[in-house]
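Please open the structure in the viewer and keep a selection panel at hand. The tour below proceeds from one selection to the next and states what is found at each stop.

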Amino acid sequence: MRFLNVLSANIRREFILLKRYLPNTIAMLVTFYVIFIGMFFGISLIGDPTTQDANIQYVIVNYIFWFLAMLVVNDIGWQITNEATQGTLEQLGMSPMGIWRIMLSRLLSTTIVEFIIIIGLLYLSMFTAGQWLNIDVLSILPILILTLISMFGLGLIIAGFTMIIKQIQAFLQILQFLLAGLTFVPLSVAPFLAFFPFVKGVDMVREVMINGTTITEFGVGDISILVFNGLFYFGIGLFIFLRCERYAMSKGLLAHY
């Protein structure tokens with residue numbers, strides 16, 4: 001019950017921040033839409049006309065997941081840095097909920113609120129490109145949830161290291177391109193990426209949205225890898241975060257920036 005109260009408070013917080021800093025919110029959306037426009041016209045002008053539709057659909061799905069991955073994975077690192085800069089990180093550590101529960105609620109609230117924006121960007125992208133993907137909610141939702149769980153694990157790893165290092169902005173900027181690589185490179189080109197965070201989930205969602213595959217058509221191996229990745233990376237992320245939190249508290253790093 002206490003966690004639900006924290007989650008509810010953080011969801012309200014996310015809406016307030018988006019509204020209060022509306023110019024920044026608009027700039028973020030415009031930036032990502034312009035990036036998509038650049039990709040779309042690049043494919044339209046120099047791409048192979050025989051595979052143009054498939055390539056555009058591929059770009060739409062990848063670009064949406066890249067945006068989602070950056071929000072989920074990068075945002076928690078920025079939040080830890082901001083808390084440390086403002087001198088409020090130690091206050092989170094004194095909360096009876098513990099830092100990890102507060103950060104997990106931040107991850108969930110950010111995902112819930114930003115997901116509304118992502119849906120809007122998805123439909124705007126499909127309208128712009130004139131390519132309408134297969135939105136099979138019953139097939140996409142369970143895959144998406146397990147994919148997000150592995151993203152949460154990666155986000156907790158970033159948050160844990162940020163508590164110790166504090167200044168991690170340059171790494172987060174580099175991470176944007178690493179996330180782009182994980183979302184854009186197909187498993188047919190690099191099958192070993194199936195065991196990397198969220199890559200298998202993105203590939204399966206692509207199959208649903210582009211090729212019309214249903215969740216019942218995926219093999220046991222595909223589902224097993226997806227479930228394993230979600231649980232494994234979330235477990236590793238939580239473990240690393242708790243160890244980093246314990247180290248930061250023992251060294252008194254929460255009170256200083």
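Begin by selecting Phe198, which is buried, with a relative accessible area of 2%. The model is predicted, and every value in this tour is computed from it. Phe198 sits in the loop between α7 (169–184) and α8. Its backbone deserves inspection: although Phe198 is not a glycine, it has a positive phi of about 60°.

**The cavity beside Phe198**

Phe198 also belongs to the lining of the largest cavity. Extend the selection to the other lining residues, which are Leu146, Thr147, Ser150, Lys200, Gly201, Leu226, Asn229 and Gly230. How many cavities of 30 Å³ or more does the structure hold? There is one, and the largest cavity encloses about 30 Å³ of space. Two or more of its lining residues come from each of α6, α8 and α9 (220–250). Colouring by class gives three nonpolar, five polar and one charged residue in this lining.

**Salt bridges of α8**

Keep Lys200, a residue of the cavity lining, and add Asp222. These two residues form a salt bridge, with the closest N and O atoms 2.7 Å apart. Lys200 lies in helix α8 and Asp222 in helix α9, so the pair ties together parts that are 22 residues apart in sequence. Lys200 is buried, at a relative accessible area of 9%, whereas Asp222 counts as partly exposed at 24%.

Next, select Arg206 and Asp203. This pair also forms a salt bridge, and the closest N and O atoms are 3.2 Å apart. Both residues lie in helix α8, three residues apart, about one turn of the helix. Arg206 and Asp203 are both buried.

How many salt bridges does the structure hold? The count is three. To see another, select Arg13 and Glu14, whose side chains meet at 3.4 Å, N to O. Glu14 is buried, with a relative accessible area of 6%, while Arg13 is partly exposed at 27%.

**The largest pocket**

Now display the largest pocket, which holds about 840 Å³ of space. It is lined by 24 residues, and those closest to its centre are Asn24, Met28, Asp75, Trp78 and Asn82. Select these five residues to centre the view on the pocket. Which helices each supply at least two residues of the lining? They are α1 (2–20), α2 (22–46), α3 (52–86) and α5 (99–129). The largest share comes from α3, with 10 residues. By class, the lining divides into 10 nonpolar, eight polar and six charged residues.

**The second largest pocket**

Move to the second largest pocket, with a volume of about 330 Å³. Its lining has 16 residues, of which Phe115, Ile119, Leu122, Ile140 and Leu144 are the closest to its centre. The elements giving two or more residues to this lining are α3, α5, α6 (137–165) and α8 (199–211). Helix α5 gives the most, with five residues. What is the class composition of this lining? It has 16 nonpolar, no polar and no charged residues.

**A nonpolar surface patch**

Ile119, one of the residues closest to the centre of the second largest pocket, also takes part in a nonpolar surface patch of about 870 Å². Add Tyr123, Leu124, Phe127, Trp132, Ile135, Val137, Leu141 and Ile145 to display the whole patch. Helices α5 and α6 each supply at least two of the patch residues, and α5 gives the most, with four. Within this selection, Ile145 lies in helix α6. Ile145 is partly exposed, at a relative accessible area of 44%; residues enter a patch only at over 30%.

**A long-range approach in sequence**

For the last stop, select Asn62 and Pro186 and display the C-alpha to C-alpha distance. The two residues are 124 residues apart in sequence and 9.8 Å apart in space. Asn62 lies in helix α3, the helix that gives 10 residues to the lining of the largest pocket. Is Asn62 buried or exposed? At 0% relative accessibility, Asn62 counts as buried.

Note on methods: Residues numbered from 1 in each chain as written. Predicted model: local features only at pLDDT ≥ 70, side-chain atom pairs only at ≥ 80, totals over all residues. Heavy atoms only, no water. 1 Å grid on protein atoms, 1.4 Å probe; cavity = no way out; pocket = protein on both sides within 12 Å on 5 of 7 lines; lining within 4 Å. Points joined across faces, edges and corners; volume = space filled by probe spheres on them. Nonpolar A, V, L, I, M, F, W, Y, C, P; charged D, E, K, R; others polar. Patch = residues over 30% accessible without salt bridge, like charges linked within 9 Å, V, L, I, M, F, W, Y side chains within 5 Å. Areas by Shrake-Rupley, 256 points an atom, 1.4 Å probe, with all protein chains shown as cover. Salt bridge = Lys/Arg side-chain N within 4 Å of Asp/Glu carboxyl O. Buried < 20%, exposed > 50% of the residue type's maximum accessible area, 1.4 Å probe, protein only.
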